[in-house]
Amino acid sequence: MSYTLINEITLPVLPLRGIVVFPKMMLHFDVGRKKSIRAIHQAMNNNQLIFLSTQKDAMKSDPNVKDVFEIGVVAKVVQVLKESNDTTRVVIEGQYRAKVIEPVENKTCLCATVGEIAEPVHRKTVRELALIRTLKTQFEKYMELSPKLPPDIMYKVGLSSDSGELCDYVAGNVMLDISLKQMLLETINISDRIEALIDALQNEIYLLKIEQDILDKTKEKIDKSQKDYYLREQLHTIEEELGEDDSPSFEAHSLAEKIRSMNLSADVEETLLKECNKLEKMPYGSNEAAVIRTYIETCIELPWNISTEEIIDLPKVRKQLDKDHYGLDKVKERIIEQLAVRKLSDKAKGQIICFVGPPGVGKTSVAMSIAKAIGRKSARISLGGVKDEAEIRGHRRTYIGSMPGRIMSAIKQCKSNNPLLILDEIDKLSNDYKGDPTSALLEVLDSEQNFAFVDHYIDLPFDLSNVMFITTANDYDAIPTPLLDRMEVIELSSYTAVEKLNIAKKHLIPKQLEINGLTKKNFKLTDKAIYALIEGYTKEAGVRTLERVLASLMRKAAVSIIENPDSVVRITDKDLEKYLGPIKYLNDEKSKKNEIGVVNGLAYTSVGGTLLPIECAVMPGSGKLELTGSLGDVMQESAKTAVSYIRTVSEKYAIDPDFYKDYDIHIHAPEGATPKDGPSAGVTMALALYSALTSNPVRYDFAMTGEITLLGKVLPIGGLREKSMAAYRAKIKNVIIPKDNERDIVELDTAVKEYINFIPVSSVDEIISLATVKTRKITNKNVDVVIQPPKSIGKRVEVTQ
């Protein structure tokens with residue numbers, strides 16, 4: 001950029017930091033550097049003129065002429081005032097633009113030869129007039145957004161007619177960056193200078209608008225907060241007068257008083273009072289305050305020191321249990337024992353009891369009856385399908401929507417710290433990536449640890465040692481081993497027909513009569529009809545289906561009574577098909593004839609015991625062993641063991657020793673769609689194979705169960721109670737059991753023991769001699785005659801005994 005310089009003159013130089021001075025600009029500032037003060041004094045001693053230029057680097061404390069911009073302003077020092085702190089305040093007035101020609105050496109201060117930059121001569125064009133008008137408009141907008149500027153500035157701008165002076169005046173009064181102001185100072189062409197200034201103003205206006213929006217929003221929030229504060233204070237005063245104060249402070253004090261009155265332990269009280277202090281400092285209506293309030297209220301609602309008084313009257317308890325349930329003598333006796341111990345000693349911690357049995361035999365209802373008999377409050381917790389640890393231990397308060405676990409929720413619901421909690425379906429617990437609820441229950445069901453149970457939400461130790469836990473399960477094998485170790489298992493067996501009859505007459509029929517609006521006068525059901533219902537329309541260990549069938553009968557009876565109000569519905573066993581249709585279930589498939597290769601086995605399922613016939617067929621082939629009927633791995637291994645055992649005794653029983661190579665063996669368990677597994681069918685398979693190979697029929701009035709070894713020993717099995725019940729229902733008189741299970745006969749139902757002849761055995765040889773009918777007698781083991789497998793497979797042979 002070229003400049004025309006006129007009137008060269010040597011003047012003292014005053015470096016400026018953070019300031020750009022324009023011509024015709026009046027400005028006052030403080031001067032502290034000694035060289036600068038001497039430069040001002042030298043100017044006052046001469047013609048009051050001084051050259052002002054901005055430092056290139058404002059941080060430099062001792063600049064020289066080369067450290068300032070070449071273009072500056074020659075100004076007149078109007079006034080000098082001496083301040084008390086070694087500073088001098090000066091008032092200057094800008095005269096004209098000038099450029100440093102060369103520095104001048106001076107020991108007193110900075111000096112330089114400068115030349116005045118001549119203002120270009122120009123004529124105002126229409127475009128320049130438009131630029132001036134735009135500049136004034138933009139500056140007016142800037143003034144509106146920048147309240148720091150005095151209002152008379154706009155007045156002077158309006159009166160200004162010279163383009164250059166107007167531009168310099170506006171640039172001097174606008175808060176622009178130093179580099180941008182220096183650029184405007186160095187721009188000599190007036191049109192270019194105005195355009196640059198307009199651009200700078202537009203940018204500043206945009207920034208000021210954004211700042212104003214931010215300030216407005218902030219002010220609005222502050223104003224709203226202040227308004228809310230004043231309104232809350234006024235409301236607080238009004239509510240105090242009315243006695244209806246619910247402010248956080250009042251609420252926190254109220255909760256704290258409740259906590260102090262509860263006689264809690266020191267640690268628990270201290271923790272809850274800290275939460276009250278937090279609540280008191282929370283703003284009204286905040287989310288965090290709601291979370292803390294809910295937590296404190298939940299903790300206060302827990303029965304920390306509230307117990308239900310037990311009334312342990314053993315005769316009364318017996319009477320209540322007998323009234324509510326028929327049979328279940330062993331269960332009732334165990335409960336009576338535990339209550340007797342609790343009455344003698346308050347320190348006795350109750351053993352956790354687990355009722356295991358098929359569905360519908362009264363496990364849950366017995367537990368509820370116990371609570372009713374002793375006057376304890378009770379709650380039922382269903383654990384079926386629970387797979388999240390938080391369901392037991394609760395969710396931590398950091399999560400949205402957190403809540404206590406099921407244990408603490410049940411305690412809160414009972415409003416007592418010594419209720420009876422029923423953990424239903426404990427064998428159906430599951431687990432996934434969220435945790436293992438089984439592990440969470442280990443502490444709950446351990447009387448040595450649960451005195452300080454900590455729920456994740458409550459986060460305070462709570463004593464569960466006074467809680468009486470009763471758990472229920474259908475499948476013993478599905479209960480996790482660590483939980484089994486903490487519980488005393490009491491098995492509930494299937495009901496006999498006699499027991500079902502009594503349960504129906506004493507409990508189910510009265511209940512359904514009331515539900516269906518009938519009475520004993522207009523609805524009668526004979527005992528034979530109930531027996532027929534049990535045998536022909538239900539197939540279950542418990543009585544749930546029986547209750548549904550009874551309800552169905554009563555609904556049909558209700559229709560008849562509505563149509564003929566004076567009628568009395570009396571149902572006998574012969575009327576059942578009329579009301580319920582054909583018989584749905586026949587007795588378990590028990591053959592009435594002795595058959596070859598067919599043996600009555602006994603199996604245990606989750607719904608009770610069942611009769612499991614095993615069929616074996618032998619046919620010419622290549623030695624294949626076919627196992628069908630949805631047999632599990634263990635059952636398939638039992639079949640292979642049976643084959644190997646028969647091979648070892650083939651000579652003894654005159655069986656072709658090569659039968660396993662020359663014949664195909666097919667072992668089948670009927671109801672092929674039903675999965676089956678377990679080792680207890682080993683003796684059944686061995687006898688069926690023996691019968692098929694020797695053509696000796698098996699007696700139809702025998703059933704058996706037991707695990708087999710390669711040497712023919714019979715090992716003990718489980719589920720004898722359920723299996724014997726299945727034989728009882730099938731009206732089988734003789735049941736062969738392992739010798740080691742003989743001791744379990746004592747625990748069987750009296751009706752079963754009276755009807756069935758239990759035969760303990762220790763080897764398969766004994767079973768063969770007991771359960772088969774010898775059609776071919778071998779008097780000499782070393783005879784040359786060898787019995788071949790029969791050619792006609794599946795042939796029924798009837799043998800009279």
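Glutamate 547 is buried in this predicted model, with a relative accessible area of 18%. The cut-off for a buried residue is under 20% relative accessible area. The side chain of glutamate 547 meets that of lysine 511 in a salt bridge (3.1 Å, N to O). Glutamate 547 belongs to helix α19 (residues 544-563) and lysine 511 to helix α17 (residues 497-515), so the pair ties together parts that are 36 residues apart in sequence. Lysine 511 counts as partly exposed, at 43% relative accessibility.

**Salt bridges**

Side chains of opposite charge can pair when their charged atoms come close. The structure holds 28 salt bridges, including those in the table.

| Acidic residue | Basic residue | N to O distance |
|---|---|---|
| glutamate 547 | lysine 511 | 3.1 Å |
| glutamate 301 | lysine 412 | 3.0 Å |
| glutamate 747 | lysine 330 | 3.8 Å |

Glutamate 301 lies in helix α9 (residues 287-301) and lysine 412 in helix α14 (residues 406-414), so their salt bridge joins parts that are 111 residues apart in sequence. Glutamate 301 is partly exposed at 44% relative accessibility, and lysine 412 is partly exposed at 29%.

Glutamate 747 and lysine 330 meet in a salt bridge. Glutamate 747 sits in the loop between β23 (734-738) and α25 (750-755), and lysine 330 in helix α11 (residues 329-344), so this pair ties together parts that are 417 residues apart in sequence.

In addition, a network of salt bridges links Arg97, Glu119, Asp168 and Arg193.

**The sheet**

Five strands form an open sheet with parallel pairing, in the order β8-β9-β12-β7-β13. Its edge strands are β8 (378-382) and β13 (487-491), each of which pairs on one side only. The twist from one strand to the next averages 20 degrees. Strand β7 (residues 352-356) pairs with β13 in the parallel sense over 5 bridges, and valine 356 stands opposite glutamate 491 in β13.

Terms used:
Residues are numbered from 1 along each chain as its sequence is written. This is a predicted model: local features need pLDDT of at least 70, side-chain atom pairs count only at pLDDT 80 or more; totals for chains, interfaces and linings use all residues. Side-chain values use heavy atoms; hydrogens and water are left out. Two strands pair if DSSP finds at least two bridges between them. Helices (H or I, at least four residues) and strands (E, at least two) are DSSP runs, numbered from the N terminus. Axes are lines fitted to C-alpha atoms, for helices over the stretch in contact, and angles run from 0 to 180 degrees between N-to-C directions. A salt bridge is a side-chain nitrogen of Lys or Arg within 4 Å of a carboxyl oxygen of Asp or Glu. Buried means under 20% relative accessible area, exposed over 50%, partly exposed in between (1.4 Å probe, protein chains only).
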